[in-house]
Every structure is written in structure tokens, then in C-alpha cells.
Amino acid sequence: MKITEALKSLENSWSRKEILLKIKNGEDSEKIVNDFCSSKQQEIETLTNFINPKDKILLSELEDLSKIESKLINKIKNYSFDKSQLSKVEQDIKQIPQHKKQFSFDLGFFMMKWSNKFVFISLLAISAIALTKQAWA
């Protein structure tokens with residue numbers, strides 16, 4: 001089996017949606033990984049035959065990154081304010097003078113409303129500049 005075929009097969013068989021469904025249905029993460037490895041053993045063996053020492057270092061770094069992201073997600077999930085901290089924050093907010101009209105910038109709304117127009121206008125401007133440079137050259 002070629003490496004490209006193995007990679008495509010592995011990529012097509014690992015679906016985050018399917019994995020999330022398995023987790024929601026109560027399947028254990030170890031079982032999910034073991035089932036995947038047993039069903040794709042030939043592709044995994046082909047892949048490991050092409051891994052060199054530099055790739056192993058990269059895989060180790062990616063593993064460390066995933067662990068850190070997992071810790072961050074866990075910390076965010078379990079993060080909570082104490083009531084004393086919350087009341088202090090509320091008092092600090094009350095002490096800040098409030099203006100009648102408060103400007104708030106909603107990035108999500110801006111992106112939904114204007115991003116396509118902005119990209120389109122930017123591309124038109126870049127094209128116009130490029131054509132002008134070609135015409136004068």
C-alpha cells in the first residue's frame with residue numbers, strides 16, 4: 001500500500017462528528033482509539049514505516065500541544081467566580097462612569113455583514129492597482 005493511499009484512508013475514516021457521537025453515546029475514549037487502530041492496522045503500519053526521527057519529534061510536540069489545549073479546555077470548563085470576587089467586579093463596574101450612548105463593537109455582526117464586501121472591494125482594488133502597473137510598464 002502506498003503512503004498516499006494510507007493517509008487518505010486514515011483521514012477519511014477519522015470523523016470528528018462520528019467520534020463526538022460515540023462519546024455522547026457513552027463510549028470510552030480508549031475503546032474508540034483501540035477500535036480505530038484495529039480497523040486501520042495496515043494503514044497505520046504503512047504510515048509508521050515512513051516516519052523518520054524528525055517526524056517523531058514533531059508528533060511529540062503535537063501531542064504536547066494537544067495536552068495543553070486539553071488542560072485549557074478543562075480549566076475553562078471548571079472555571080468559576082467566587083461570590084466575593086463577583087460582587088467586587090460588580091462594584092467596580094458600578095464605579096465606572098456610564099455614558100448614555102455606549103459604543104460596542106460586535107465583531108461577529110461586522111464579519112457577517114461586511115466581510116464579503118470588504119474582501120470583494122479589496123480584491124477589486126488590488127486588481128485595479130495591478131492592471132494600472134501593467135499598463136504603465
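Here is a quick look at a predicted all-helix chain, its confidence, one aromatic pair and one surface patch.

Since this is a predicted model, local features need pLDDT of at least 70 and side-chain atom pairs pLDDT 80 or more, while totals for chains, interfaces and linings use all residues. Numbering starts from 1 along each chain as its sequence is written, and side-chain values use heavy atoms, with hydrogens and water left out.

The chain has seven helices and zero strands (DSSP runs, H or I of at least four residues for helices, E of at least two for strands, numbered from the N terminus). Mean pLDDT (the predictor's confidence in each residue, 0 to 100) is 77, and 69% of the residues reach 70 or more. Helix 6 (residues 83-95) has the lowest mean of the elements, 62, and helix 3 (residues 29-39) the highest, 90. Where pLDDT is low, don't read the predicted coordinates in detail.

Of the 137 residues, 7% are buried (under 20% relative accessible area; exposed is over 50%, partly exposed in between; 1.4 Å probe, protein chains only).

A search of the whole structure turns up one aromatic pair (ring centres within 6.5 Å, with the six-membered ring for Trp; planes under 30 degrees apart are stacked, over 60 edge-to-face, the rest tilted). W14 and F36 sit edge-to-face, 4.9 Å centre to centre with 80° between the planes. W14 lies in the loop between helix 1 and helix 2, and F36 in helix 3, 22 residues apart.

L65, in helix 5 (residues 53-78), joins L58, L59 and L62 in a nonpolar surface patch of about 350 Å² (residues with over 30% relative accessible area and no salt bridge; nonpolar side chains joined within 5 Å, like charges within 9 Å; Shrake-Rupley areas, 1.4 Å probe; a salt bridge is a Lys or Arg side-chain nitrogen within 4 Å of an Asp or Glu carboxyl oxygen).

| Residue | Relative accessible area | Class |
|---|---|---|
| W14 | 38% | partly exposed |
| F36 | 17% | buried |
| L65 | 43% | partly exposed |
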